[in-house]
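Work through the exercises below with the sequence and the model open. Each task is followed by a solution in steps.

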Amino acid sequence: MHEVDMTKCLLLSMNQWRQQHDPAVPRVSQVHLQVGDFTCVEPEQLVHTWRIAVQNSWLAGAELAIEHVPLMGRCVCCNATYSPSQETAYRSPCCDHPMEEIVSGRELRIRSVDYSLNPLTAPVES
Amino acid sequence: MHMPLEDTLGLNLLAANQHQADHNREHFDAWRLLCLNVMSSPGAGKTSLLERTITALTPELAMAVLEGDMTTQLDAERLEAVGVPVVPITTGRACHLDAAMVNGGLSLLRQRLDPSSLDLLWVENVGNLVCPAEFEVGEHRKVALLSVTEGDDKPLKYPVMFREADAVLITKTDLLPHLPVEIARIEAHVRQVNPHCTVLRVSASSGEGLAEWHDWIRAQCSEQLDNPNTDPSSHGDRAVLGQDYNSVPQLVNA
């Protein structure tokens, strides 16, 4: 269950981001993540852990929106991209070469946040 | 409102851990020591290999160990017995070491010795082929062990670990005569996911391959001495994907 630790890391980043708006507290509706297929993350567990972790916090009600990114390799001989898989032992279909260059699939990325600034907590303009 | 957290690259999900890992690595570089993160499934032979290796490389190299274990200190006791300082890090229920735990271990280590007197710091991770692959602790190199009894399919089943490793040690080769496993197939599967890593066949029991393994360690130590402040996270798959961790610390200066 390292998704718990990943959620902790994500919350630290979110808390840092919140401080940029201090003293206002952004009301976050969605946090958009990119999670590559070639990572050790189970997206459903991440969503589940997140929901529990944000209860009773400033992020209560915010949902994770996870975009899956497929594993793609680039063939060393013809430069074409392909989908390496366990079934084919990650070989390039063109020349059977091992998985050399990964062009996508290692992403664990916070892309963006949907939010509004709550007028009740926004700083008063002088 | 729809706002990117970071303008150009996107903030890595593990940025908080990575920031701490980079901080640890800065310490290692300042102390002019090499840090190796040793990972494998439970029972692949990490501790037995370290016993042999530390015995063989003492006193040529000054070493210490940060020993990750979920609940016990059994491994730490075994390694203390070969005469090096060992700091046990019990992770509780966590199945991997993270950079903050290693930082805590470093504080304890500094109470016992001056780390700049060390040449090599071992981090023996919790036995697990999944989680430790994603959590950097500040190491300069990752070493993954795979014992011949685990079967030749494991590099394909746990590809991220073997992709991330700088060196893969196929351990317990003394058992090969008793097993229906072809070591060449294990090696070939490692190469499928990581064509350029160092692959070594070793046995802590018979001593096979240990000379080559120790030479690899010596080479990494002198490379680190000649060229400190090399940051392994500045290259590799994530850097290629525009996820260079070095670009994020201004957002996570915790």
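**Exercise 1.** Locate A:Pro23 in chain A and state the geometry of the peptide bond that leads to it from A:Asp22.

Step 1. A:Pro23 sits in the loop that joins helix H1 (3–19) to strand E1 (26–36) of chain A. Helices (H or I, at least four residues) and strands (E, at least two) are DSSP runs, numbered from the N terminus.

Step 2. The bond from A:Asp22 to A:Pro23 is cis, with omega near 5°.

Step 3. Most peptide bonds are trans, and most residues other than glycine have a negative phi.

The model is predicted: local features need pLDDT of at least 70, side-chain atom pairs count only at pLDDT 80 or more, and totals for chains, interfaces and linings use all residues. Residues are numbered from 1 along each chain as its sequence is written, chains are lettered from A and ligands numbered from 1 in the order in which they are written, and side-chain values use heavy atoms, with hydrogens and water left out.

**Exercise 2.** Find the loop of chain B that holds B:Pro59, and classify the bond from B:Thr58.

Step 1. The loop runs between helix H2 (46–57) and strand E4 (63–69) of chain B.

Step 2. The bond from B:Thr58 to B:Pro59 is cis, with omega near 5°.

**Exercise 3.** Give the sign of phi for A:Ala89 and for B:Lys172, then say whether each is buried or exposed to some degree.

Step 1. A:Ala89 has phi near 55°, a positive value in a residue other than glycine. Its place is the loop between strand E4 (81–82) and strand E5 (101–104) of chain A.

Step 2. A:Ala89 is buried, at 7% relative accessible area. Buried means under 20% relative accessible area, exposed over 50%, and partly exposed in between (1.4 Å probe, protein chains only).

Step 3. For B:Lys172, phi is near 60°, also positive. B:Lys172 lies in the loop between strand E8 (167–171) and helix H7 (183–193) of chain B, and at 27% relative accessibility it counts as partly exposed.

**Exercise 4.** Describe the surroundings of B:Asn24.

Step 1. B:Asn24 belongs to helix H1 (residues 15–30) of chain B and is buried, with a relative accessible area of 0%.

Step 2. Contact means heavy atoms within 4.5 Å. Not counting residues up to four places away in sequence, B:Asn24 touches B:Ala99, B:Val102, B:Asn103, B:Leu106, B:Val137 and B:Gly138.

Step 3. A polar atom of the B:Asn24 side chain lies 3.0 Å from the backbone oxygen of B:Ala99.

Terms used:
A polar contact is a pair of N or O atoms within 3.5 Å; within protein, one must be able to donate a hydrogen and the other to accept it, and residues adjacent in sequence count only if both atoms are side-chain atoms.
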